[in-house]
Amino acid sequence: MMAPVSAPLRTRLIAAAFTFTALWGCALSITRYSIPEEMEEGSFVANLATDLGLDVRSLVQRRAKLDVIHSKNYLDINKETGELIIREKIDRENICMTKTTSCFLKMDVILENPIRIFNIELEIMDINDNAPVFRRRTMHLDVSEATPPGERFSLTNAVDADVGANSIKTYYLSESKYFSIDIQAGSDGSKYVDLVLNGNLDREEHGIHNLILTAVDGGVPPRSGTASIIINVLDINDNAPLFSQPAFEVNVSENSAAGTVVMTLNATDLDEGTNAQLVYSYTLYTSEKTQELFSLEPNSGEIKVKGVIDYEESQSFEMHIQAQDRGANPLSGHCKVMVFVTDVNDNYPEVTIKSMKSALTEDVSVGTLIAVVSVSDRDSGLNGEVELTLNQQKSLPFLLNKSSEGYFELLVSKPLDREITSKYDITLRVTDKGSPPLFEDETITLEILDINDNAPAFSQSFYTIHVVENNVPGALLTSLSAFDPDLNENQYLVYFIMEKEIVNTSMSMLFSINPENGDLYALKTFDYEREREFLFHIEARDSGVPPLSSNVTVHIIILDQNDNTPLIVSPWRAQGSVVEEVIPRSTDKGHLVAKVIAIDADSEQNSRVTYQLLQISDSTLFSLDQYNGEIRTTRMFSYRDPRQQRLVIVAKDNGEPALSATVTIKISTVEHVMSFSETTELPIEYDVFTDLNLYLVIGLGAVSFLLLITILVIIVLKCQKPKPKAIKIPPANRNSVISRNSMISQRSSTIADSTLISSDAYWYSLFLAETRKGKVVVRQPIIPKGAGYFVSSIPRSIGPSETTDSRASTLEQEPRRELP
């Protein structure tokens with residue numbers, strides 16, 4: 001029994017019931033429209049305001065909206081005009097999956113204040129937008145050629161997603177005199193098709209039939225789809241084997257060897273498979289004697305000699321042969337073969353080898369006797385006369401010499417070479433003069449023994465090997481293998497390094513070679529800055545008696561690594577100290593404040609130094625040329641600029657990875673330049689013959705004179721020695737440095753232009769670098785005594801463009817040594 005309901009709750013239930021009844025009454029009326037599918041977006045469907053009796057102006061106020069039931073929102077309401085428009089293309093086949101003739105899209109138009117609901121049903125009309133499609137594009141049928149006319153074969157039907165008149169209407173078959181189609185309709189209106197056989201098939205005439213089946217719908221315009229029908233006609237045994245002719249005649253010589261093919265029969269059968277597989281056999285009309293002398297291969301039809309055929313016993317044989325297929329009901333064909341025996345010379349000549357040598361050394365003289373050969377034949381007359389010949393006489397270094405009747409000598413006719421041919425198979429042929437002639441072959445084998453007549457040979461006469469510096473001692477450089485075509489101990493090779501000294505150092509101290517396999521090893525770690533290349537010879541010697549040898553030239557080229565950090569040589573400063581520069585505050589824009597010079601002992605890209613500002617007090621006041629290291633003012637000093645500026649410059653090479661060095665320069669500005677730290681400044685005018693300039697010119701002249709004398713002495717010494725092969729020196733680059741040791745060991749190298757040797761050249765370079773505005777500042781930094789520098793002035797065409805105040809140069813510090 002239900003509990004009693006309170007009065008407030010009863011009031012709310014009555015109000016809700018009245019509201020639902022009112023809304024239900026508003027939504028009872030249903031408005032229906034019909035549109036075709038695939039209408040474009042924005043297409044007009046209907047004017048809802050007019051059809052539903054609504055005021056267009058109230059659609060916005062009442063917040064009209066469209067609620068589509070159980071589907072995607074394909075439509076929308078234009079609230080300004082009250083029109084129902086297409087929002088997205090409608091595909092009838094996506095909305096109504098089943099093939100029904102009617103397809104509806106149900107929706108509600110909902111208005112608020114007060115709430116009203118209008119039911120709308122939109123019927124989606126089908127259009128012919130789908131073509132018929134076969135479930136199988138290719139259909140295969142196997143039909144026996146014995147199938148009677150009228151036989152039916154089911155085919156896969158086509159399907160069309162459209163409905164009604166737009167669905168499949170009929171089928172068409174490509175033209176064929178053997179087949180046609182029969183179209184039938186199902187209970188649901190769908191069309192089915194059967195293939196009907198109209199005539200008798202003959203596989204031998206037409207084995208495969210290719211047909212095209214086309215399905216056409218009833219749309220306007222109609223659409224169609226096709227499928228291929230491949231009909232394979234199956235064979236039946238309806239053709240008997242057939243020989244090319246009813247009788248054959250063939251000749252066979254007496255004493256033919258067993259297995260000799262007399263002839264091959266070939267019957268044909270137009271059927272296929274087992275119906276065309278033939279078996280050959282003798283019939284009962286063939287005599288047993290004939291079957292004993294001749295065999296018949298059942299599968300190939302070959303007639304072969306099986307016994308001994310003697311012309312004097314029988315001159316002909318008659319064979320009756322049938323060919324039968326392997327069909328279920330076998331068919332056969334017949335023929336007759338007549339074999340006629342011909343008389344021949346049936347005794348073969350004989351050859352006998354006497355006093356034969358089986359081996360000769362390759363250095364035997366021409367005319368050496370190898371063997372004595374005798375020949376004979378049991379026949380008489382022309383059949384007993386024989387001739388002895390040497391097969392391939394022109395290509396063999398041998399000849400036959402007739403010594404007496406029936407005897408021949410086999411002699412050496414040309415010099416022998418084991419490396420070309422180590423063994424000869426000499427074939428002697430004896431032939432009689434019968435008709436046809438008979439012959440007999442006798443082969444003797446002659447082995448050629450080796451002597452040590454070939455020196456070892458390398459694959460190339462010159463080896464160039466590149467070794468990167470800082471290599472691991474004992475590393476394998478390459479394998480130098482030679483080849484000796486001799487045998488045994490004459491072929492066993494031993495490798496040596498031919499002794500040669502470079503700067504009192506033997507090659508065997510630098511390199512080692514495995515005497516057995518020619519593997520070349522480096523015994524030390526090379527330094528590109530000290531050793532650039534090595535040139536020596538390696539000898540390969542065999543173990544023959546006497547031994548033979550050959551040598552090869554080896555060129556070792558040391559490749560540079562970026563293992564040297566740039567060294568800042570100007571401005572000079574003690575270890576960890578700061579370089580101080582003093583300039584007047586009245587300095588103009590572009591004034592050269594200082595020049596940083598760094599050298600790098602590496603070569604090429606590893607020695608190409610560039611300069612960068614690592615730290616700077618005021619980036620607007622100074623600039624640094626990244627190529628020549630010049631520090632210049634970018635503007636004039638102002639009263640706001642501090643009197644002291646601090647710059648940290650990094651000199652970095654171009655190696656991988658790059659190495660760098662830094663220098664800190666402290667720049668102080670004064671009203672007038674008075675003095676510099678650890679520097680004596682001597683202002684002079686541009687007078688060429690001042691005392692200082694005069695001393696510098698005299699010193700430079702003396703150095704140049706000593707250099708010229710040194711070069712002349714080197715040239716004289718070179719002329720007294722055998723001229724070595726030219727050694728390529730890596731081309732000079734902007735920051736390349738050549739050590740004094742390398743310059744001494746490579747006296748034939750080209751010396752860079754304007755090259756100065758000794759510390760005087762270094763001070764002269766700094767003198768030129770510090771010259772500016774008609775005055776010379778001579779610096780006297782504290783440096784270790786007894787240190788020398790190699791200064792190489794780089795041509796302008798190699799490095800970046802230089803300013804008129806200074807030129808780029810590189811230096812390398814090394815112990816002072818007198819030139820030879």
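1. A disulfide here is a pair of cysteine sulfur atoms within 2.5 Å. The model under review is predicted, and by that rule the count comes to 1 disulfide. The pair is Cys96 and Cys103, with sulfur atoms 1.8 Å apart. The link of Cys96 and Cys103 is right-handed, with 85° about the S-S bond. In general terms, a disulfide is a covalent bond between the sulfur atoms of two cysteines.

2. How accessible are the two cysteines of this link? Cys96 has a relative accessibility of 15% and counts as buried, because the cut-off for buried is under 20%. Cys103 is buried as well, at a relative accessible area of 1%.

3. Two further cysteines can be placed by accessibility. Cys335 is buried, with a relative accessible area of 6%. Cys719, by contrast, is exposed, with a relative accessible area of 63%; the cut-off for exposed is over 50%.

4. Which residues flank the cis peptide bonds listed here? One such bond joins Asn113 and Pro114, with omega at about -5°. Pro114 sits in the loop between strand 6 (104–111) and strand 7 (116–125). Another cis peptide bond joins Ser435 and Pro436, and its omega is about -5°. The loop that holds Pro436 runs between strand 30 (423–432) and strand 31 (439–449). A reader checking the backbone can go to Pro114 in its loop and to Pro436 in its loop.

5. Next, backbone angles. Asn255 is a residue other than glycine with a positive phi, near 60°. Asn255 belongs to the loop between strand 17 (247–253) and strand 18 (261–264). With a relative accessible area of 35%, Asn255 is partly exposed, because that value falls between the cut-offs of 20% and 50%.

6. Ser355 also has a positive phi, of about 50°, although it is not a glycine. Its place is the loop between strand 24 (350–354) and strand 25 (359–361). Is Ser355 buried or exposed? At 60% relative accessibility, Ser355 counts as exposed.

7. Asn471 deserves a separate point. This residue is found in the loop between strand 33 (462–468) and strand 34 (476–479). Asn471 is buried despite the loop setting, at a relative accessible area of 11%. What does Asn471 contact, leaving aside its neighbours within four places in sequence? The contacts are Ala522, Lys524, Thr525 and Phe526. With Phe526 there is also a polar pairing: a polar atom of the Asn471 side chain lies 3.1 Å from the backbone nitrogen of Phe526.

8. The last point concerns the surface. Which residues make the nonpolar surface patch of about 710 Å²? They are Phe705, Leu706, Leu708, Ile709, Leu712, Val713, Ile715 and Leu717. One of them, Leu706, is found in helix 7 (residues 691–720). Leu706 is exposed, with a relative accessible area of 56%, so its value lies over the 50% cut-off.

How values were computed:
Residues numbered from 1 in each chain as written. Predicted model: local features only at pLDDT ≥ 70, side-chain atom pairs only at ≥ 80, totals over all residues. Heavy atoms only, no water. Helix = DSSP H or I, 4+ residues; strand = E, 2+ residues; numbered from the N terminus. Buried < 20%, exposed > 50% of the residue type's maximum accessible area, 1.4 Å probe, protein only. Polar contact = N/O pair within 3.5 Å; in protein donor to acceptor, adjacent residues only side chain to side chain. Contact = heavy atoms within 4.5 Å. Patch = residues over 30% accessible without salt bridge, like charges linked within 9 Å, V, L, I, M, F, W, Y side chains within 5 Å. Areas by Shrake-Rupley, 256 points an atom, 1.4 Å probe, with all protein chains shown as cover. Salt bridge = Lys/Arg side-chain N within 4 Å of Asp/Glu carboxyl O.
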